[in-house]
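This report introduces the structure shown below to a reader who has not met it before. It follows the strands, their connections and the packing around them.

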Amino acid sequence: MKKKTVLVVDDSEIVVAMASDALEEGGFTVITAPNAKAADKYIHSEKKPDLIILDVMLPILDGDKKAKMLKDNPQTKSIPILLLSSKPADELARLVTDSGADGFIRKPFIARNMVDKVREMLS
């Protein structure tokens, strides 16, 4: 069975490292980008990621704005997107609704919970 690919977009190297370790241990292939612009080369390639985890507070373009752009694009709207943020859950839920994202993960996250959430979104 082919491993699913998860794109983690976050400007914090620590968050990227923690998420990558957790997801790789969970059996996923992980690709990373420091901002929404850098993520485009993966999102718009032939081998699109199976799921995207987008930090809300990013340089250049915030994750929720990027999620909205991806969900408005017929070529990328089917890719599940999880927003990642330390914002309060109610604010995150509103950002998910407004952007069309598929869910959220709060920081600081527990590795196993992140893996479980990604598995749930991809099943």
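## A central pair of strands

In this predicted model, strand S4 and strand S5 (residues 103–106) pair in the parallel sense, and four bridges link them. Within this pairing, Leu-83 stands opposite Phe-104 in S5. To get from S4 to S5, the chain passes through helix H4 (residues 89–99), and this β-α-β crossover is right-handed.

On the other pairing of S4, strand S3 (residues 51–55) runs parallel to S4 and is joined to it by four bridges, with Ile-53 standing opposite Leu-82 in S4. Here too there is a right-handed β-α-β unit, made by S3, helix H3 (residues 63–72) and S4.

## The whole sheet

These strands belong to an open sheet of five strands, whose order is S2-S1-S3-S4-S5 and whose pairing is parallel. Its edges are strand S2 (29–33) and S5, each of which pairs on one side only. On average, and ignoring direction, neighbouring strands of the sheet are turned by 20° against each other.

Towards the S2 edge, S1 and S2 pair in the parallel sense over five bridges, and Thr-5 has Thr-29 in S2 as its bridge partner. Helix H3 packs on the sheet, where it touches S3 and S4, and its direction makes about 175° with that of S4.

## Burial of S4

How many of the five residues of strand S4 (residues 81–85) are buried? Five of the five are, so the strand is largely enclosed by the rest of the structure. The cover extends to both faces of S4, since Ile-81, Leu-83 and Ser-85 are buried on one side and Leu-82 and Leu-84 are buried on the other.

## Nonpolar cores

In soluble globular proteins, nonpolar side chains tend to be buried together. The largest nonpolar core in this model has 20 residues, and those with the most contacts inside it are Val-6, Val-8, Leu-23, Leu-51, Ile-53, Met-114 and Val-118. At least two residues of this core come from each of strand S1 (5–9), helix H1 (13–25), S3, S4 and helix H5 (111–122). A second, separate core has 19 residues, including Leu-7, Ile-52, Val-56 and Ile-81.

Ile-53, which faces Leu-82 in the strand pairing, also shows how several parts of the chain meet. When residues up to four places away in sequence are not counted, Ile-53 touches residues including Val-6, Val-8, Leu-23, Leu-82, Leu-84, Ile-105, Met-114 and Val-118.

Note on methods:
Residues are numbered from 1 along each chain as its sequence is written. This is a predicted model: local features need pLDDT of at least 70, side-chain atom pairs count only at pLDDT 80 or more; totals for chains, interfaces and linings use all residues. Side-chain values use heavy atoms; hydrogens and water are left out. Buried means under 20% relative accessible area, exposed over 50%, partly exposed in between (1.4 Å probe, protein chains only). Two strands pair if DSSP finds at least two bridges between them. A crossover is right-handed if, with the strands pointing away from the viewer, the path from the first strand over the helix to the second runs clockwise. A nonpolar core is a set of buried Ala, Val, Leu, Ile, Met, Phe, Trp, Tyr and Cys residues joined through side-chain atoms within 4.5 Å. Contact means heavy atoms within 4.5 Å. Axes are lines fitted to C-alpha atoms, for helices over the stretch in contact, and angles run from 0 to 180 degrees between N-to-C directions.
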